[in-house]
Amino acid sequence: MGKSIFLGLVLNTALLIALGLIYNLIRGLTRITNRYVKETLIGLSTGAIGIAIMGTPWVLMEGVVFDTRSVLISISGMFFGTIPTIIGMVMMSLFRLSSGGSGMEMGIATVVVCGSIGIIWRNVRQGKVKKISLSELYLFGIVVHLGMMLCTLFLPEASREFVFKAISLPVLVIYPVAELLLGWMLLNGEETLKTRVALVESESKFRRLFDTVDEAIFLLDREGRVLDSNKGAERMFGYSSHDLLNQGADFFAAPGKNDVSQVNQFTQRAFDGESKSFEFWVIRKNGEVFLSLVKLYPATFKDENAVIALAIDLSERIKHELELKEAKDRAESANKLKSNFLANMSHELRTPMIGIMGYSEMIMETEESPEIKRSGEKIFESAQRLMQTLNLILDLSKIESGYTEINSSRFDVISVIKDMTSKLQVSAAKKNLTFVFKSTLNELFVVTDPRLLHHVFANLFDNALKFTHEGGVEISLELEVIKRSKWLVLVVKDTGIGISEQDQSIIWDEFRQVSEGWGRGYEGTGLGLSLTKRFIKKMGGEIRVESRLGEGSTFIVKLPYNEDTRVTGSEEEVMEMIESVDKLETTMDTEFSTILIVDDDDISLDVTVAFLKHHYTVHTAKNVVEAFELINKNRYSIILLDINLGKGVTGFQILEELKKRPDYAGVPVIAVTAYAMAGDKAVFLRAGCTDYVSKPFTRSTLLKVCEKVTSGK
Ligand code: ADP
């Protein structure tokens, strides 16, 4: 009997352990998510193992067999829960029923009682069996087996006492220990399961992350073969991850476009710990070739060294770059067109203007009849106004296309305003207005663009006078320190019509005026303030207005004060030119007074001759050949040179020739041209011209320049 008890116990223990393992295995099946399916599977396994246990019992007496079913079913009740335990109980009871014998009732009762104790204990513990202690498990074992002892009551009376005595010791001593061991095993399994579940969860989280990114990610071995790849790689290359497995760099490489052996070297180095990134031409499954940026990082995979390769598809970026370059090229050529257009416009508009202004000036000066003289004056005034508008529109286009350059020079801003004031006081007096300039400074030298500054002053002063009918205009200019830097603050205050708050926002817009439409009350283009604002911005300053309708306006301009006399870039060269011109002027001899005018335009030539003929002996040439015929025959004190001589010939060619002739060294050459865009003057001076006059010009401007270059004043 002893031997059969021992064997039975060993087999039973092995089966109990098997149940523990099966239970943990089923619990760990992550693919089965339905709880009831899992519980049914556990119940069936419990029943099956219970039947196996009941099949390897030790026989106490004929028809009375013992095994560890009590341990199994009670542990099931406690750890697996109600459903699996009931399934197990039903299967085991049916089996015991089919075996028959005198111990059948007790056998079934044991299954039911022990299983129920387990279920009840679990429910009392509210299912929190994971926290059960070993001593509680032991106690549980004793209670279960006391219950089992009670089941001996179901034995026939004759054998009851004998059986009770025979089994009570092993049942109450060994079985609770078995209960304890099996329980402990399950508790341990529970812990392992928890860690495994956490691991699986973190792995799937990582996988999701790995698969979400657009970039292709590969895990490579030392030889650069793919160990794993993400969904991004599938999308990028068009292969399934299975197809990509074990592939090397040559599989991905676009034929003939890379040095694959070098890529393999990079991978090996990354394997040894050195990260690397490089561009790599690759090919998709559909044959499309594209450039990728590959980054290699050292990594570990299953405790072994590995390489993570990240591939970024650069085709979109390259496409964008190309588009950007195309757009840039288009913008540049449009800009070039615009600049050509501006230059041509400027030239073409100025050239006929010389006829209008020149002849009207001649009419004004030479005509006896006062009526015709007045007509001449009107033509001249209209032409001047037209020129102003043309200049404004050109300025606007220039500033819009970025052609407005800052041509700084150093000058006394106080004397500039004083000059302007004295002229404007005459117009103010005609309207019975005062025009006053106040400043605590006697002089203030600034380094800025005189033309831009002049425009700003002129526009604000003219507007103040134009929109004032009573009282007058007061201007002040002071130097102020704001936030530790010095600023020029110009205030132009008038007692005029004022601007409503609503209109204060539109006056800065191009072509906008407060009074617009057919019945507008004031002349003007509506460009002045918009250009003024842009010029001020270009000079680094700001402008604002304070005004109320009917109560006058105050325009306040703040400009950064720069007393530094340094002038940058090409401007420096121009300044040098100007200085050298000044030197030249002082050394010039003035005994010659014959002028050569080279111009292909009859009207220009005619007007220029008319302006100069009383002061100089004037010769004219209409092209290069004529010019040199005259230059070879005569000695000129000044050469007035038109730059565009038509038919592709430029005045620069004459200039170049003159420079080579020692007899013409020091003879001033004045560029007289309709090229009057910003920067043009600098170009002519740099090319070697002594001075520059833009068309159209007035008689006095032309005479002044000629006088300047010959007399050295
Ligand atoms: P323009 O004077 O050629 O119309 P501006 O751009 O210089 O163009 O001015 C825009 C508008 O701003 C003017 O038409 C006028 O309505 C308003 N404005 C400018 N200066 C003053 C001022 N000092 N007083 C009243 N209104 C002014």
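**Exercise 1. Place Asn432 in the chain and describe its backbone and exposure.**

Solution. Asn432 sits in the loop that runs between α14 (413-430) and β9 (434-438); helices (H or I, at least four residues) and strands (E, at least two) are DSSP runs, numbered from the N terminus. The model is predicted: local features need pLDDT of at least 70, side-chain atom pairs count only at pLDDT 80 or more, and totals for chains, interfaces and linings use all residues. Residues are numbered from 1 along each chain as its sequence is written, and side-chain values use heavy atoms, with hydrogens and water left out.

Next, the backbone: phi of Asn432 is near 60°, a positive value in a residue other than glycine. Last, exposure: Asn432 counts as exposed because its relative accessible area is 71%, where buried means under 20%, exposed over 50% and partly exposed in between (1.4 Å probe, protein chains only).

**Exercise 2. Find the backbone features of Asn246 and Pro696.**

Solution. Start from the background: most residues other than glycine have a negative phi, and most peptide bonds are trans. Asn246, which is not a glycine, has a positive phi of about 70°. Asn246 belongs to the loop between α9 (241-244) and α10. The peptide bond from Lys695 to Pro696 is cis, with omega near -5°. Pro696 is in the loop between β19 (691-694) and α22 (699-711).

**Exercise 3. Is Asp67 buried or exposed, and which residues is Asp67 in contact with?**

Solution. First, the location: Asp67 is in the loop between β2 (64-66) and α3 (69-80). With a relative accessible area of 2%, Asp67 is therefore buried. Its side chain makes a polar contact of 2.6 Å with that of Arg69; a polar contact is a pair of N or O atoms within 3.5 Å, and within protein one must be able to donate a hydrogen and the other to accept it, while residues adjacent in sequence count only if both atoms are side-chain atoms. Neighbours within four places in sequence aside, Asp67 is in contact (heavy atoms within 4.5 Å) with Asn12, Ile53, Met54, Pro57, Trp58 and Tyr175.

**Exercise 4. Describe the setting of His469.**

Solution. His469 lies in the loop between α15 (450-466) and β11 (472-482). Its relative accessible area is 45%, so His469 is partly exposed. Beyond the neighbours within four places in sequence, the contacts of His469 are Lys431, Leu433, Ile497 and Tyr522. C-alpha to C-alpha, His469 and Ala14 are 117 Å apart in space, and they are 455 residues apart in sequence.

**Exercise 5. Which residues around the ligand come nearest?**

Solution. There are 21 residues around the ligand (a heavy atom within 4 Å of it), and Asn463, Asp494, Gln513, Val514 and Leu529 come nearest. Then take the side chains one at a time:

- Asn463 has a side-chain N or O atom 2.8 Å from an oxygen atom of the ligand.
- Lys466 has a polar side-chain atom 3.1 Å from an oxygen atom of the ligand.
- Asp494 has a side-chain N or O atom 2.9 Å from a nitrogen atom of the ligand.
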